[in-house]
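Visitor: I would like to go through this structure with you. May I start with the surface and then move on to the overall form and the cysteines?

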Amino acid sequence: MARNSRQFCNRVKCALAPTHLLAYIGLMRTDTPQPVQLSDYRPFPFTIETTDLEFLLDPEATRIRATLTIKRSGAPGEPLFLNGERLKLISVAIDGQALGANAYALDGEGLTIHAVPDAFVLTTEVEINPSANKALMGLYMSGGRFCTQCEAEGFRTITFFPDRPDVLSRYTVRIEADVAFPYLLSNGNLWEGGELDSTVEGGRHYAVWNDPFPKPAYLFALVAGQLDVLEDSFVTMTGRTVALKVFVDPGMAPRAAYAMDSLKRSMKWDEEAFGREYDLDLFMIVAVRDFNFGAMENKGLNIFNSSLLLAAPETATDMDYERIESVVAHEYFHNWTGNRITCRDWFQLCLKEGLTVFRDQSFSADMRGEAVQRIKDVKALRARQFAEDAGPLAHPVRPSSYMKIDNFYTATIYEKGSELIRMLKTILGAETFRKSLDLYFDRHDGEATTVEAFIACFADASGRDMGEFFAWYEQAGTPAVSLTHVYDEAAQALEITLTQVTAPTSGQPTKQALPIPVTIGLLDSEGESLRDSEVVLLDTPTKTVRWEGVASTPVISALRGFSAPVNLTADTRSVDRYVQFAADPDLFNRWESGQTLARELILGRAAGAPDEVGEERYADALGKALIDEASDPAFKALLLTLPSEGDLSLAVDPVDPAAIHAARGHLKTVMAVHLGDLLRRLHGDLQSGGEFSADAKAAGKRALRNGCCDLLAADPHAVNVERIVGHFESAANMTDTMGAISALMTVGGEPAEKALADFHAQWRDEPLVLDKWFSVQARDPGDGAIGRILALTAHPDFDAGNPNRMRALVQGFSSGNPAQFHDASGAGYRFLADQILGVDGFNPTTAARLVEPLGAWRRYVPALGLLMREQLERICGHVGLSKNVLELVSRALN
């Protein structure tokens with residue numbers, strides 16, 4: 001599953017209201033939620049061989065009849081417990097015999113049948129109200145259509161079932177509905193379908209779907225409604241023809257063309273890169289407007305947030321195209337890493353998500369350029385996961401406990417989980433890595449397995465002891481690696497000493513040394529290579545390596561390609577960083593050297609020690625990089641972008657957001673003034689009037705042109721403002737339009753307000769485009785930003801019930817506008833707390849994902865930290881708070 005961007009109060013007393021209220025069974029929970037522990041795992045004592053589901057769809061009263069073929073696999077006499085929440089039980093029977101009320105028990109968690117035979121058929125019938133389901137988990141209505149989201153624990157709101165990932169069953173699903181819902185879709189292959197009694201007003205019809213592959217309940221999917229479909233096909237490496245269908249809102253089929261193209265490229269790439277072939281006759285994707293996540297890999301029927309599926313040049317940015325390509329690939333790749341092989345329990349979530357992120361990142365690298373993609377991936381890792389590791393919500397890649405698993409769909413599980421896979425490839429080499437994965441696929445196909453079993457495949461295939469590597473999965477925190485060196489000119493020998501330390505995190509005061517692959521190369525003072533890249537495995541607290549035959553004083557290029565998810569500090573001179581910035585053949589380290597130089601200048605000024613000569617020198621070096629004809633425009637665009645305020649805040653303690661914002665803005669202005677003529681020339685030269693292309697080359701040119709526009713806005717004199725306004729007025733695609741509006745928001749005043757008004761007038765009826773209108777205003781750098789944000793929450797087009805709109809405005813402000821969010825008045829914190837509490841009443845999953853910006857309160861200057869803590873305490877004391885929000889707020893306060 002793709003994310004869209006997560007335990008009790010010891011120091012603060014929290015008023016805890018009922019976490020569930022089930023009117024149908026009249027039960028109110030008042031007990032204290034308890035965490036689930038990995039150490040408590042026990043296999044389910046029954047197997048569910050087949051699951052037959054019959055849906056009689058009705059928006060307000062859907063009936064579900066479930067027939068389960070069950071065999072005992074555990075201790076004799078053990079009762080049967082099935083998860084179930086917010087279900088109206090109609091009947092329950094074993095082997096066709098109805099059970100009396102004394103034969104079972106209902107509570108807020110599910111159904112317990114006291115005595116069951118060793119083999120039997122269980123039939124239950126329940127009723128649910130999809131229209132009333134505003135949590136968007138289970139079966140709900142979106143845009144007049146039925147749709148589902150079952151990961152992680154949504155299936156239990158559809159029917160009574162052991163809703164856990166280690167219970168695999170073969171599903172057959174019969175769907176019946178009014179013909180007003182023409183498409184009736186579910187997992188697997190379509191067995192049959194047709195019309196029913198035509199005497200019923202309007203008529204009814206049905207469809208029967210069968211999935212031949214055993215799957216856990218979280219992979220179940222159903223969609224029913226009015227849709228348009230884009231169809232194509234793919235011929236697999238063994239010659240089978242697979243039908244491909246992408247279902248979208250009526251009239252939107254042309255905007256699914258890029259997603260379809262991405263799907264076909266993904267299928268081809270997975271065959272070539274990993275030998276994985278698709279296994280059903282049909283692959284379907286459905287776009288849904290109301291969706292808590294990015295997308296969901298349900299077997300054969302992926303369900304996507306519309307924002308990650310629909311694209312046209314006039315409505316989608318290049319970033320949208322890139323995300324569509326990546327997420328389509330991610331969900332398709334889950335067919336093997338997540339579906340065919342799934343998780344034994346939710347503690348193993350990284351087993352499917354970390355591995356699949358690695359696969360989709362590798363695919364994107366092949367599609368869009370390895371170096372540029374790697375830089376983008378590392379930027380995202382640092383912005384989300386390093387920040388997570390630096391705060392109270394730090395947790396291992398495989399956590400040992402949780403209160404709500406929904407809160408662990410995090411950057412640590414996904415992005416850091418991917419980095420662990422990448423390190424395995426670096427340590428073992430590409431050939432052994434592929435051999436290990438082939439063994440994993442062969443050994444565990446059709447199973448729900450564990451991280452231990454996964455790592456065992458690498459140990460068996462390589463013949464190496466991988467025990468120490470497993471600590472990466474169990475230990476939270478970002479390791480800090482330091483590098484020092486001594487060069488002996490007479491002996492032409494270099495000694496490099498590497499040291500690692502990981503700071504304590506909650507529940508883990510003592511850390512062990514990890515095996516860290518550090519890729520190192522050497523340059524001379526002119527940037528020529530002295531020694532090719534070599535991997536040094538730092539697997540002890542300190543390691544020293546000695547290299548002979550180093551002909552001159554070296555410039556050390558360390559952690560090439562970002563070979564491990566660590567923070568590296570080195571005894572590198574500023575002059576050597578400029579050598580790397582100009583000539584390092586490892587493009588990641590070339591970019592990284594520029595980021596480091598800029599970071600030191602910004603943080604120095606923020607701390608009251610400005611280096612004006614250094615700022616001019618940096619701008620001059622950047623100008624030389626921008627005119628380097630050997631560099632790709634996409635790479636130049638990345639060089640042009642300064643470290644974000646969030647990235648900078650991770651390098652200081654305590655954090656003063658206002659000082660960082662001012663210092664970063666100053667360097668940006670220095671760059672804009674120093675490079676003004678060059679920026680204007682590049683901006684003009686890169687303008688294209690040709691046909692739009694979403695490929696990497698064209699996107700790179702647009703990225704550089706819009707980067708020039710953004711930088712010119714930092715020097716808002718009349719010539720530059722006129723150029724930016726012209727950029728907006730002449731924009732022929734959404735990438736250029738949003739680039740211009742973003743720059744105008746920096747300029748502020750009448751030009752920005754006119755552009756916003758024009759944009760809204762043109763796109764007010766396009767929900768996905770209008771999300772961008774809210775998002776760009778959420779990042780308003782002006783002093784009146786909080787007033788603008790509050791006004792937008794009352795705007796007729798703002799809908800707190802739609803996760804996309806909430807993320808665009810509320811998360812865009814709290815995570816994307818740090819200077820204004822951290823305003824000294826605390827108004828930003830109060831606003832976020834209000835939004836969390838408002839949304840938590842109907843959608844705890846979305847509410848919990850808004851908590852993170854308040855969680856790192858200890859890292860900020862005391863005046864701000866106390867205001868942040870105040871709001872956390874207010875949230876924690878709220879009557880009726882969900883488990884989702886309670887868990888994260890409590891951890892932040894502890």
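Visitor: What area does the protein chain expose, and how much of it do carbon and sulfur atoms supply?
Guide: In this predicted model, the exposed area of the protein chain is about 33100 Å². Carbon and sulfur atoms account for 51% of that area.

Visitor: And how many of the residues count as buried?
Guide: The share is 59% of the 894 residues of the protein chain.

Visitor: What about charge: how many positive and negative side chains are there?
Guide: The protein chain carries 86 positive and 120 negative side chains. The centres of these two sets are 2 Å apart.

Visitor: Changing topic, what radius of gyration does the protein chain have, and what would a compact globule have?
Guide: The protein chain has 28 Å, which agrees with a compact globule, because 894 residues in such a form would give a value near 29 Å. Along the principal axes, the C-alpha trace spans about 90 × 65 × 65 Å.

Visitor: Which secondary structure elements make that up, in numbers of helices and strands?
Guide: There are 28 helices and 33 strands in the protein chain.

Visitor: Now the cysteines. How many disulfides does a search of the whole structure find?
Guide: The search finds zero disulfides. For Cys 150, the nearest cysteine sulfur belongs to Cys 147 and is 10 Å away. For Cys 708, the nearest is that of Cys 709, at 8.7 Å. A disulfide would need the sulfur atoms within 2.5 Å.

Visitor: Is Cys 708 buried or exposed?
Guide: Cys 708 is buried, because its relative accessible area is 0%. Cys 150 also counts as buried, at 0% relative accessibility.

Key:
Residues numbered from 1 in each chain as written. Predicted model: local features only at pLDDT ≥ 70, side-chain atom pairs only at ≥ 80, totals over all residues. Heavy atoms only, no water. Helix = DSSP H or I, 4+ residues; strand = E, 2+ residues; numbered from the N terminus. Rg over C-alpha atoms; globule rule 2.2 N^0.38 Å. Buried < 20%, exposed > 50% of the residue type's maximum accessible area, 1.4 Å probe, protein only. Areas by Shrake-Rupley, 256 points an atom, 1.4 Å probe, with all protein chains shown as cover. Lys, Arg positive; Asp, Glu negative; His and termini not counted. Charge placed at Lys NZ, Arg CZ, Asp CG, Glu CD.
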